[in-house]
Amino acid sequence: MNAEAQKAQDAATRVIAVCEVIAQIVAGGKDSFLADVQAQWAAEMGLIRIGEGVAKIPVPVRERFAEQPWRQIIDMRNFAAHQYDDLDPNRVWRTLTVDVPLLRAYLADVVIPGL
C-alpha cells in the first residue's frame with residue numbers, strides 16, 4: 001500500500017470510529033437526543049471530527065470515490081465549528097441518523113477495500 005492509500009485508510013478508519021460513537025449517542029432516540037444538550041454538543045463535536053477526518057483523506061482518493069459529497073461533509077464541519085449557535089437540532093438529528101451511517105458504511109465497504 002502506498003503512502004497516499006495508507007493515509008486515506010488511516011483517516012477513514014478514524015472517521016468510522018467517530019461514526020460508531022455517534023451511533024451510541026443517538027441510540028436513545030430522537031426525543032432523548034433533543035432533550036439532552038450534552039448529547040447534542042457531543043454529536044456536534046463528532047461532526048467536526050468527521051469533517052476533519054474526511055479532509056485528511058487525500059484529494060485524489062476522494063476524487064476516485066466521488067459518490068460521497070466530500071465537500072459538503074467538510075462544510076458541515078465548518079458550520080458546526082463556527083456557527084454552532086445556528087445548528088438546528090432536528091437537522092443535526094437527520095444528519096446523525098441518515099448521513100453518518102451511510103458515510104460509515106461507504107468508508108468501510110467501498111473506500112477501505114478499494115484502496
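Analyst: Let's begin with a term. A helix axis is a line fitted to the C-alpha atoms, over the stretch in contact, and the angle between two axes runs from 0 to 180 degrees between the N-to-C directions. Keep in mind that this is a predicted model.

User: Okay! How is a pair of packed helices described?

Analyst: Two packed helices are described by the angle between their axes and the distance between those axes. Take helix 5 and helix 6 here: their axes come within 13 Å and cross at roughly 130°.

User: Which word fits the way helix 5 and helix 6 lie to each other?

Analyst: Angles over 145 degrees count as roughly antiparallel and 65 to 115 as roughly perpendicular. Helix 5 and helix 6 are therefore oblique to each other. Helix 5 passes helix 6 in a left-handed crossing. On the helix 5 side, the contact is made by Trp70, Ile73 and Met76, and helix 6 brings Thr95, Leu103, Tyr106, Leu107 and Val111.

User: And what about helix 3 and helix 5, at what angle do they pack?

Analyst: Their angle is about 135°, with the axes 8 Å apart. Helix 3 and helix 5 are therefore oblique to each other, and helix 3 passes helix 5 in a left-handed crossing. Residues that meet there include Leu47, Ile48 and Gly51 from helix 3, and Ile74, Arg77 and Ala81 from helix 5.

User: Let's look at helix 5 itself. What should its 13 residues span?

Analyst: At 1.5 Å a residue, residues 70-82 should span 18 Å, and the end C-alpha atoms sit 19 Å apart, which agrees.

User: Which residues of helix 5 are buried?

Analyst: Trp70, Ile73, Ile74, Met76, Arg77 and Ala80. Look down the axis of helix 5 and these buried residues fall within an arc of 150°, so they line one face of the helix. The face turned away from that buried side carries exposed residues: Arg71, Gln72 and His82.

User: What covers the buried residues of helix 5?

Analyst: The cover includes helix 3 (37-55), helix 4 (59-64) and helix 6 (89-114).

User: One residue caught my eye. Why does Arg77 count as buried?

Analyst: Buried means under 20% relative accessible area. Arg77 has 16% relative accessibility, so Arg77 counts as buried. Its place is in helix 5.

User: With which residues is Arg77 in contact, leaving aside neighbours within four places in sequence?

Analyst: Arg77 is in contact with Leu47, Ile48, Gly51, Glu52 and His82. Go back to the helix pair for a moment: Leu47, Ile48, Gly51 and Glu52 are among the helix 3 residues that meet helix 5.

Conventions. Residues numbered from 1 in each chain as written. Predicted model: local features only at pLDDT ≥ 70, side-chain atom pairs only at ≥ 80, totals over all residues. Heavy atoms only, no water. Helix = DSSP H or I, 4+ residues; strand = E, 2+ residues; numbered from the N terminus. Expected span 1.5 Å × (residues − 1). Buried < 20%, exposed > 50% of the residue type's maximum accessible area, 1.4 Å probe, protein only. Arc of directions from axis to C-beta. Contact = heavy atoms within 4.5 Å. Parallel < 35°, antiparallel > 145°, perpendicular 65-115°, else oblique. Left-handed = near helix turned anticlockwise from the far one by under 90°.
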